[in-house]
Amino acid sequence: MKKNASFYITRFLLIAVIALLPVKAFSLEYIDVYSTLSDTFSGFTDKNAGSTSFPSLNIPAGGREESLGSAITGLADDISFFDYNPAASCVLKNTELALFHNSWISDSNLETVAGTWRLNDLGLGAKLKCFYVPFTEYNDFGDRMTSNYYSETTGVINASYNFFNGYYFKGLAVGANLKGSWRSIPDYTDRTTGELIKNSGLSQSGAAVMVDLGILLRFNAAKYFADRDPNLKIGISLLNAGIALTSFGSSQEIKIDDSLPTCISAGISYKFAKPVTICADFRQPINLLDFLQSEMWSAGIGVDVQITDFMELMAGFRLKGANPRISLGTEIDLKHFILDLNYTFDLTSSINPVNHFSVAAKINFGDHGRYINELKADDYYEEGLKYYASGQMEKAVESWEECLKLNPSFTPARNSIELVRNSTKLFDRVMNIQTLE
């Protein structure tokens, strides 16, 4: 009997919840283990931690990226690439639209909407995210005076291009983000009169303009399984390079705010077996206003295991300062709809054990026929081989030329054409020599 779509969706969601339940139980039962980890890494305490403005730029949007320990500088294989490597939009398989929700610490939340579009070797994207936390003011007697939200909103536009794209070497992707951020602090009251002070929050609000730059290399190395995708990727990126300004609407002149969380990141990902991918990255923050005040490095590692055609399990570990962040997540692929669920036990953001969850919902709009063209190109190539084996060289070349029209980077077809043409030239020369004799 044929089952409807709601049956499968319910089943998949149930699998995801069951997969995450043991993690929650583990975190509650073994908090002492994590405390031991924190003590172990106490020597990595960073005296400059928290010295930058716009800290929300460091908060992961959630979902897949957070499940992998945010170690995706060298992986960047889905729409979460924006905050890690802007070069990835030109190599994503599909056009995507995604919504992210991250329930962060201390009643704070991060909401994100992002979209990407790819035309052959050109990639474009845009993202908007908003971090917000309740802001409540009390007077000396404990009475609530005002209630509002502190927020940081960031908009991003992206462009990238994949150079030297070929059959064996998949190209050098280069990309950039242009970003603008606004920090909104609500107005507060006069402690004496209790009246709201106009523009008091605006004077402490801030604006920032910055750029991200990234490169991504993709190729095959020590690959012992058949797959179209490269199994080794290396990425390098410069993130949040720019300037922040504050003191708007005050009697003082607009001034430069604290340094942005600028950093250089290098990462690698390797698929050593078809269902298993490991990734790792290293980041070095840079205080552009005072290099000596730069924060300490951070590092992360992630593992992605393809359980079935529609389900992946992910785990990650990140060390930033003295406290680790451990995460686990699952991705469920329903063809045109993809759901990511993540649980993170986070000691990086708080001295106390903190559990938080994130979810991402992605809509897959397809690849605009690229995969179908690749299959057709394969058929033309195989057809050419058959003609070649039967001695029909002209028809073989015609088939391989059709293959190249569909997939210009199909190197075997180009090499085969050159082989036939060189062989024909050699045969003609031999015949000419025999004729002269």
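This report walks through the charged pairs, the cavity, the aromatic rings and the cysteines of a predicted model.

## Before you start

Because the model is predicted, local features need pLDDT of at least 70 and side-chain atom pairs count only at pLDDT 80 or more, while totals for chains, interfaces and linings use all residues. Residues are numbered from 1 along each chain as its sequence is written, and side-chain values use heavy atoms, with hydrogens and water left out.

## Charged pairs

Let's begin with the salt bridges. The count comes to 17, where a salt bridge is a side-chain nitrogen of Lys or Arg within 4 Å of a carboxyl oxygen of Asp or Glu. One of them joins the side chains of Asp 78 and Lys 362, at 2.8 Å from N to O. Asp 78 sits in the loop between α3 (64-67) and β1 (96-103) and Lys 362 in strand β15 (residues 354-364), so this pair ties together parts that are 284 residues apart in sequence. Helices (H or I, at least four residues) and strands (E, at least two) are DSSP runs, numbered from the N terminus. Asp 78 is buried at 5% relative accessibility, and Lys 362 is buried at 2%; buried means under 20% relative accessible area, exposed over 50%, and partly exposed in between (1.4 Å probe, protein chains only).

Another salt bridge brings Lys 129 and Asp 83 together, at 3.7 Å from N to O. Lys 129 belongs to strand β3 (residues 122-138) and Asp 83 to the loop between α3 and β1, so the two tie together parts 46 residues apart in sequence. Lys 129 is buried at 2%, and Asp 83 is buried at 13%. Asp 281 and Arg 318 also meet in a salt bridge, at 3.0 Å from N to O. This pair links strand β10 (residues 276-286), home of Asp 281, with strand β12 (residues 311-320), home of Arg 318, 37 residues apart. Salt bridges that share partners also join Arg 64, Asp 77, Asp 304 and Glu 312 into one network.

## An enclosed space

Asp 83 appears again here, among the residues lining the largest cavity. On a 1 Å grid over the protein atoms alone, a cavity is a set of points where a 1.4 Å probe fits but cannot get out, and lining residues have an atom within 4 Å of a point. The count is one cavity of 30 Å³ or more, and about 50 Å³ of space lies in the largest cavity. Its volume is the space filled by probe spheres set on the grid points, which are joined across faces, edges and corners. Other lining residues include Glu 65, Phe 82, Phe 100 and Lys 127.

## Aromatic rings

The whole structure holds 13 aromatic pairs. Rings of Phe, Tyr and Trp (its six-membered ring) pair if their centres lie within 6.5 Å; planes under 30 degrees apart count as stacked, over 60 as edge-to-face and the rest as tilted. The ring centres of Phe 81 and Phe 82 are 4.3 Å apart and their planes are at 20 degrees, so the pair is stacked. Phe 81 is buried at 0%, and Phe 82 is buried at 2%.

Tyr 388 and Trp 400 form a tilted pair, 6.1 Å centre to centre with 40 degrees between the planes. Tyr 388 lies in helix α4 (residues 370-389) and Trp 400 in helix α5 (residues 393-406), twelve residues apart. Tyr 388 is partly exposed at 35%, whereas Trp 400 is buried at 2%. Ring pairs link both of them with Tyr 167, Tyr 168, Tyr 381 and Phe 410 into a cluster.

## Cysteines

A search of the whole structure finds zero disulfides, a disulfide being a pair of cysteine sulfur atoms within 2.5 Å. Cys 263 is buried at 9%, and Cys 279 is buried at 4%.

Technical notes
On a 1 Å grid over the protein atoms alone, a cavity is a set of points where a 1.4 Å probe fits but cannot get out, and a pocket is an open set with protein on both sides within 12 Å along at least five of seven lines; lining residues have an atom within 4 Å of a point.
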